[in-house]
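User: I would like a close look at one part of this protein, treated in formal terms. Please set that part in the context of the rest of the model.

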Amino acid sequence: MRRRARLMTATAAAALLIGCATGPAASKPGPDRGKEGERVLVFSKTAGFRHDSIPTGIATVKELGAAGGFAVDATEDAAAFTAKNLARYDAVVWLSTTGDVLNAAQQSAFEKYIRGGGAYVGVHAAADTEYDWPFYGGLAGAYFQSHPAIQPAKVHVEDHAHPATAHLGTGTWDRTDEWYNYRANPRDKARVLASLDESSYSGGTMAGDHPIAWCQSDYQGGRSFYTGGGHTKESYAEPAFRQHLLGGIRWAVGAVQADCRPEKGYTPIFDGTAASLDGWKQAGPGSFALKEEDGTLTTTGGMGMLWYDRRELGSYSLKLDWRMAGDDNSGIFVGFPPSDDPWSAVDNGYEIQIDATDVPEKTTGSVYGFKSADLKQRDKALNPPGQWNTYEIRVEGERLRLYLNGVKINDFTNSDPARSLRQGHIGIQNHGDADEVSFRDIRLKDLPARHSGPPAPADPGAGR
């Protein structure tokens, strides 16, 4: 049967931001999904053009499964699409399928599978499939329109936290493939992970906004990942493409989490370059080491905070990616006045905590010392140390909502008359020399200001 990931936090003890150490969080580690044995079905039936790379692609997915801890079956028999058989799989990989490959009953079974929490992985010509089946078109994200000759192109990575693209660094991904043009742009309904630089090759027709890989975290109940790569046999020998495909499959089966909600309208305030740090100031003795090749800031030295001094913020959505090396401690401060003293943020603002093993109101996802995260939802959404996570901190009036990898895990309303979320700065914390936490891709979107008046009531729900 399909299972969803339950990746939990580590259990070693950690130091608090302030004061002495305490016991572990109330939540307990869950099973390691990768070791339970996810199962993937590779489906490669064609009713139109047939890619000669299909056998190589099947062999590659089997190799990735053997190394990555998931079993792989492969078929070209559409009779495999029954409710009973599909229930055995955590994801179905449509590998360069073409044309109409399922009948009405098989389509119905696959729709029920997706709506029941199943997952779809589309590779290359999966977008050249089932044009008369609207459910499939929405699941894939876009249909194929045309393609130029096979040629080199530059791929721009837009999401550095998703496991399909986290390994690719901040530079362009230069590779050769058959580059599809699509009938529609999926950006409004999917999280675009990578896009093509149309100026780097001939034959692009998408007016400069050309997604080539994307994901959807909730398409009618299921997950969807698509990559336009994989036309050539040589693709499956490229380490970077193999990791791209593996990351997409691991996310689809739920072995790792990511924020796959559509994202538009954000302005980078730290993009991985030294130039983008011009708008930031260091408070306290601690600092951050910049590594431009992968666009990261990593804590180093003693206690301190790097804060954004360009302007105070009111209603906004702040997104950033973070990664702990192990059992470490850090956080994001919001709603504090400008100061060269990092303790001013502690005394006047609020900290969104990053810490694997503290007590509930002081562990990852908490508003530190004020409100615990919904630990059940947090634990479902959290990737362990060594992997990237994405926070969205959404502030409107005195209400703060926190999303981890696209899942809402905290909903807090300020009622302290000495503090206010309506105006203040944001900053990232260096907890101390023993803690190692990295940040990248910090981006900001202003939201419409809330009318003045009493604080908005808290929403106890934890939906997406």
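How do the residues of the lining of the largest cavity divide into nonpolar, polar and charged? Please describe this lining closely, together with the parts of the structure that share residues or elements with it.

Analyst: In this predicted model, the lining of the largest cavity divides into seven nonpolar residues, three polar residues and one charged residue. The cavity itself holds about 60 Å³ of space, and it belongs to a set of four cavities of 30 Å³ or more found in a search of the whole structure.

The residues that line the largest cavity are Val155, Trp173, Arg175, Trp179, Ala194, Ile212, Ala213, Thr227, Gly229, Phe241 and His244. Two or more of the lining residues come from each of strand E7 (173-177), strand E10 and helix H6. By the classes used here, Arg175 is the charged member of the lining, while Thr227, Gly229 and His244 are its polar members.

Two of these lining residues, Arg175 and Trp179, also touch Gln151. Gln151 is placed in strand E6, and its contacts beyond four places in sequence include Thr176, Asp177, Tyr201 and Ser202 as well. One polar atom of the Gln151 side chain lies 2.7 Å from the backbone oxygen of Ser202. Gln151 counts as buried because its relative accessibility is 17%, which is under the 20% cut-off.

Strand E10 provides a link to another feature. The search of the whole structure finds one disulfide, which joins Cys215 to Cys260 with an S to S distance of 2.0 Å. The link is left-handed, with -95° about the S-S bond. Cys215 lies in strand E10 (residues 210-219), whereas Cys260 lies in the loop between helix H6 (239-253) and E12, so the disulfide ties together parts that are 45 residues apart in sequence. Both cysteines are buried. Strand E10 and helix H6 are thus named in both settings: each gives two or more residues to the cavity lining, and each helps to locate the cysteine pair.

Strand E6 leads in turn to the largest pocket. This pocket has a volume of about 370 Å³ and a lining of 16 residues. Strand E6 (151-157), strand E12 (267-270) and strand E24 (437-446) each supply at least two residues of that lining. Nearest the centre of the pocket are His156, Glu158, Pro268, Asp441 and Arg443. By class, the pocket lining has eight charged, four polar and four nonpolar residues.

Among the residues nearest the pocket centre, Asp441 merits a separate remark on its backbone. Most residues other than glycine have a negative phi. Asp441, however, has a positive phi near 50°. Asp441 belongs to strand E24 and is buried, with a relative accessible area of 15%. His124 also has a positive phi, of about 50°, although it is not a glycine. His124 is located in the loop between strand E4 (119-123) and helix H5 (134-140), and it is buried with a relative accessible area of 0%.

As for the wider setting, the protein contains eight helices and 24 strands. Of its 464 residues, 59% count as buried. Among contacts with a separation of 6 or more, 74% are between residues 24 or more positions apart.

Terms used
Residues numbered from 1 in each chain as written. Predicted model: local features only at pLDDT ≥ 70, side-chain atom pairs only at ≥ 80, totals over all residues. Heavy atoms only, no water. 1 Å grid on protein atoms, 1.4 Å probe; cavity = no way out; pocket = protein on both sides within 12 Å on 5 of 7 lines; lining within 4 Å. Points joined across faces, edges and corners; volume = space filled by probe spheres on them. Helix = DSSP H or I, 4+ residues; strand = E, 2+ residues; numbered from the N terminus. Buried < 20%, exposed > 50% of the residue type's maximum accessible area, 1.4 Å probe, protein only. Polar contact = N/O pair within 3.5 Å; in protein donor to acceptor, adjacent residues only side chain to side chain. Contact = heavy atoms within 4.5 Å. Disulfide = S-S within 2.5 Å.
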